Amino acid sequence: AEVAIPSNDLADLTALYGSDAVYAAHMIQGHAMQTFHDETDVDGCPTFFSREWEEDLTSNEVATNLVLILEHYLREAEACLMNKLLYKKAVDAMVAATVALYIRMMLCRAEDVRHARRKWKRSVSLEQVEEPTAFTHASRAMIRIDGDIETFRSFFDNLGSEMPALKGTVEKKFVALTAIQECLCIALESPGVPDSLLEFVVMLHKLTGCKYGCTKLLVCDLWQLMTPEVHQAAVLSAVESLEDDLNKLNNNIADVGDQRTQEELTECARIPSLSLGLMLADFYGDDARRKVNNKKYRHRTFLPSATKSFLRSLSYKQRQVTSEEKKSHQHCRNQMMSVRDRSLQVEVAARPTETRLTKIRLTDQHSRPTQSHRIPMP
């Protein structure tokens, strides 16, 4: 006997399947980012904002490596999804995840510097030890950051030539990177409290979702990357003096700022790593305090078995790529691994003969991300 499905229930069922399909397309970025972490998690393999990234990788090899991974996954997604709308959703998620990944790793570097400076302050021989800094030369680091952003932007702009609707998403998401880049330049040029601080604080306040606690910590972190510790107190005091003004601006920012539809809000709630505001709130904590263990950011994914099988089929390590792709990716990997090998050779040569057979450790601990610095995957 045939079973008739009421039209209302059929519409709801269709909407549910469509929502799950979009969710699965958004989840592809999680597998791409996890592949990037797996590759850079190897001992000594350079990652963003490490010493090797600043001093040796002059052609933005780390950013190029990430772009190659994104390109491989998107090519597979385009072949498997066979739907332009879902493919566009997958690309949109890649853009948002790339921006969030880069900003989070930048903030992790600032956290490292903060901890190092705390130990430095407690040291009894401050005169003999230089103050820890995020970069050997801040101006050179800004060149690297500019090159990384240009690499990401060029990749997504090329995709936008085939999908005109993508250009709007790229412009919208890259506003955050541009704003943070400008703030870093201001911090480098004016280590104290610049006259234009209010303008940039308001800009960053919008990025944090109008959360004052996150805004204050974000500004201090950006100045932490570019300026000595002596300027931190003045910047913190200046931001705190703007608290009332920022709270008054909250309603105006919500009205004229980035207005998102209910659908977008729902998508961000299901995959928090696609929302920069939620990522910052998690990084700094719900009460604007930093979390020690970032494992809590990882969210379990509840998907049908068929969807899980589809996502697993996109595994980077299980795919067959062309010889040209392999050559390009291997060249980038070789550049990054050669930096690690030189670092190890320098350390071994500097050690006494009787200790060279011991386990080799890296000279720059900042070049190997710790568990707490793993970028969260949804």
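Colleague: In which helix does Ala21 lie, and what makes a stretch a helix?

Modeller: Ala21 lies in helix H1, residues 7-40. A helix is a DSSP run of H or I with at least four residues, while a strand is an E run of at least two; both are numbered from the N terminus. A word on the basis. This is a predicted model: local features need pLDDT of at least 70, side-chain atom pairs count only at pLDDT 80 or more, and totals for chains, interfaces and linings use all residues. Residues are numbered from 1 along each chain as its sequence is written, and side-chain values use heavy atoms, with hydrogens and water left out.

Colleague: Why is Ala21 called partly exposed?

Modeller: Its relative accessible area is 26%. Buried means under 20%, exposed means over 50%, and partly exposed is in between (1.4 Å probe, protein chains only). Ala21 at 26% therefore falls in between. Its C-alpha atom is 7.3 Å from that of Leu86, a residue 65 positions away along the chain.

Colleague: How do you know that Glu54 and Arg140 form a salt bridge?

Modeller: Their closest N and O atoms are 3.4 Å apart. The pair spans two helices: Glu54 is in H2 (residues 51-55) and Arg140 in H5 (residues 138-160), so parts 86 residues apart in sequence are tied together. As for the term, a salt bridge needs a side-chain nitrogen of Lys or Arg within 4 Å of a carboxyl oxygen of Asp or Glu. The 3.4 Å pair therefore qualifies. Glu54 is buried at 0% relative accessible area, whereas Arg140 is partly exposed at 24%. The structure holds 13 salt bridges.

Colleague: What separates Arg114 and Glu111 in helix H4?

Modeller: About one helical turn, because they are three residues apart in H4 (residues 84-122). Their side chains meet in a salt bridge, N to O, at 3.6 Å. Both partners are buried: Arg114 has a relative accessible area of 12%, and Glu111 has 13%.

Colleague: How many Å apart are the closest N and O atoms of Arg117 and Glu131?

Modeller: They are 3.3 Å apart, and the pair forms a salt bridge. It links distant parts of the chain, with Arg117 in helix H4 and Glu131 in the loop between H4 and H5, 14 residues apart. Arg117 is buried at 2%, while Glu131 is partly exposed at 24%. Salt bridges with shared partners join Arg117, Lys121, Glu131 and Glu229 into one network.

Colleague: Which side chain of opposite charge is nearest to Glu61?

Modeller: Arg144, at 7.2 Å; Glu61 is buried yet has no salt bridge. On charge, Lys and Arg count as positive and Asp and Glu as negative, with His and the chain ends not counted. Glu61 lies in helix H3, residues 61-81.

Colleague: Which backbone nitrogen does the Glu61 side chain reach?

Modeller: That of Ser59, at 3.3 Å.

Colleague: How many disulfides does a search of the whole structure find?

Modeller: Zero. A disulfide is a pair of cysteine sulfur atoms within 2.5 Å. The sulfur of Cys185 has its closest cysteine sulfur in Cys183, 9.2 Å away, which is too far for a bond.

Colleague: Are Cys185 and Cys214 buried or partly exposed?

Modeller: Cys185 is partly exposed, with a relative accessible area of 30%. Cys214 is buried, with 3%.

Terms used
Polar contact = N/O pair within 3.5 Å; in protein donor to acceptor, adjacent residues only side chain to side chain.
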